[in-house]
Amino acid sequence: MDDVDRKILAELQLDGRLTVTELAARVRLSVSPCHRRLRELERSGAIQGYRAVVDAAALGLTFEALVFVSMRQEDRDTVAEFERAVGELDHVLDAQRLFGEPDYLLRIATADLAAFQRLYDERLATLPGVQRLTSTLVMKHVVRDRPLPART
């Protein structure tokens, strides 16, 4: 990956709806080489997809919580079953396995506190291998959906 590829990725992170012509102009390439580079970035997996950033409030999801999960059992089968079950929960926006304690961090969006409580009681508390759940409520987002830095 060279500097031109990094510029292409930076521009697309800011506006994924750019046409190839607009993108080429922004990165100072002609259309054909820009298009080849774009397709190669897609083929290699550097670009994993394109999507719209949707306002959660527009969908009525105005309540957000972070849930820390400590596992009682961490054998391979239990971890796989837990991760499969978490992947099926639509209200779980992000799920990360962590080193140390706790074992997982889940970011959850629901309509309100009552909806979160139902999800917590009926689904989260019954996930395979869970020993303890600890929740904290999101007051506001300070940094959100920031583009990845162009350099490591």
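Where do Glu-42 and Arg-39 lie, and how many residues apart are they? Both lie in helix H3, 3 residues apart, which is about one turn of the helix. I shall return to this pair after an overview of the chain.

Good morning, colleagues. The structure before you is a predicted model. I shall begin with the overall fold, continue with the backbone, and end with the charged side chains.

The protein chain contains 5 helices and 4 strands. Read along the sequence, these elements follow the pattern α-α-α-β-α-β-β-α-β.

As to dimensions, the radius of gyration of the protein chain is 20 Å, whereas a compact globule of 152 residues would have a value near 15 Å. Along the principal axes, the C-alpha atoms fill a box of roughly 55 × 35 × 25 Å. Of the 152 residues, 28% count as buried. The accessible surface comes to about 10,600 Å², and carbon and sulfur atoms account for 51% of that surface. Turning to contacts between residues at least 6 apart in sequence, 63% of them join residues at least 24 apart.

I now come to the backbone, beginning with the loop between strand E2, residues 92-97, and strand E3, residues 104-110; Asp-103 lies in this loop. Pro-102 is also placed in the loop between E2 and E3. The peptide bond that joins Glu-101 and Pro-102 is cis, with omega at about 0°.

What is the nearest side chain of opposite charge to Asp-103, and how far away is it? It is Arg-97, at 6.3 Å; Asp-103 is buried yet has no salt bridge. The cut-off matters here: a salt bridge requires a side-chain nitrogen of Lys or Arg within 4 Å of a carboxyl oxygen of Asp or Glu. Leaving aside neighbours within four places in sequence, Asp-103 is in contact with Val-69, Ser-70, Met-71, Glu-74, Gln-96, Arg-97 and Leu-98. Arg-97 is thus named twice for this residue, as a contact and as the nearest side chain of opposite charge.

Two further backbone positions deserve mention. Arg-28 is not a glycine, yet has a positive phi of about 60°. This residue is found in the loop between helix H2, residues 20-27, and helix H3, residues 31-44. Arg-28 counts as exposed, at 75% relative accessibility. The second position is Asp-145, where phi is again positive, at about 55°, although the residue is not a glycine. Asp-145 belongs to the segment after strand E4, residues 130-137. With a relative accessible area of 58%, Asp-145 is exposed.

Let me turn to the charges. The protein chain has 22 positive and 24 negative side chains, and the centres of the two sets lie 7 Å apart. Side chains of opposite charge can pair when their charged atoms come close. The count of salt bridges comes to 13.

The pair from my opening question is one of these. Glu-42 forms a salt bridge with Arg-39, and the closest N and O atoms are 2.5 Å apart. Both partners are partly exposed: Glu-42 has a relative accessibility of 24%, and Arg-39 has 40%.

Helix H3 also holds Arg-43 and Glu-40, which are 3 residues apart and so separated by about one helical turn. Arg-43 forms a salt bridge with Glu-40, the closest N and O atoms being 2.5 Å apart. How do the two partners stand in accessibility, exposed or partly exposed? Arg-43 counts as exposed, at 62% relative accessibility, whereas Glu-40 is partly exposed, with a relative accessible area of 38%.

Another salt bridge joins Arg-84 and Glu-88, with the closest N and O atoms 2.4 Å apart. Arg-84 is partly exposed at 38% relative accessibility, and Glu-88 is partly exposed with a relative accessible area of 49%. Beyond individual pairs, salt bridges that share partners join Glu-64, Asp-94, Arg-107, Arg-144 and Asp-145 into one network. Asp-145 in this network is the residue whose positive phi I described earlier.

To close, I would set two aspartates side by side. Asp-103 is buried and has no salt bridge, whereas Asp-145 is exposed and belongs to the salt-bridge network. Thank you for your attention.

Methods. Residues are numbered from 1 along each chain as its sequence is written. This is a predicted model: local features need pLDDT of at least 70, side-chain atom pairs count only at pLDDT 80 or more; totals for chains, interfaces and linings use all residues. Side-chain values use heavy atoms; hydrogens and water are left out. Helices (H or I, at least four residues) and strands (E, at least two) are DSSP runs, numbered from the N terminus. The radius of gyration is taken over C-alpha atoms; the globule rule is 2.2 Å times the number of residues to the power 0.38. Buried means under 20% relative accessible area, exposed over 50%, partly exposed in between (1.4 Å probe, protein chains only). Contact means heavy atoms within 4.5 Å. Accessible areas come from the Shrake-Rupley method with a 1.4 Å probe; for residues, only the protein chains shown count as cover. Lys and Arg count as positive and Asp and Glu as negative; His and the chain ends are not counted. The place of a charge is taken as NZ of Lys, CZ of Arg, CG of Asp or CD of Glu.
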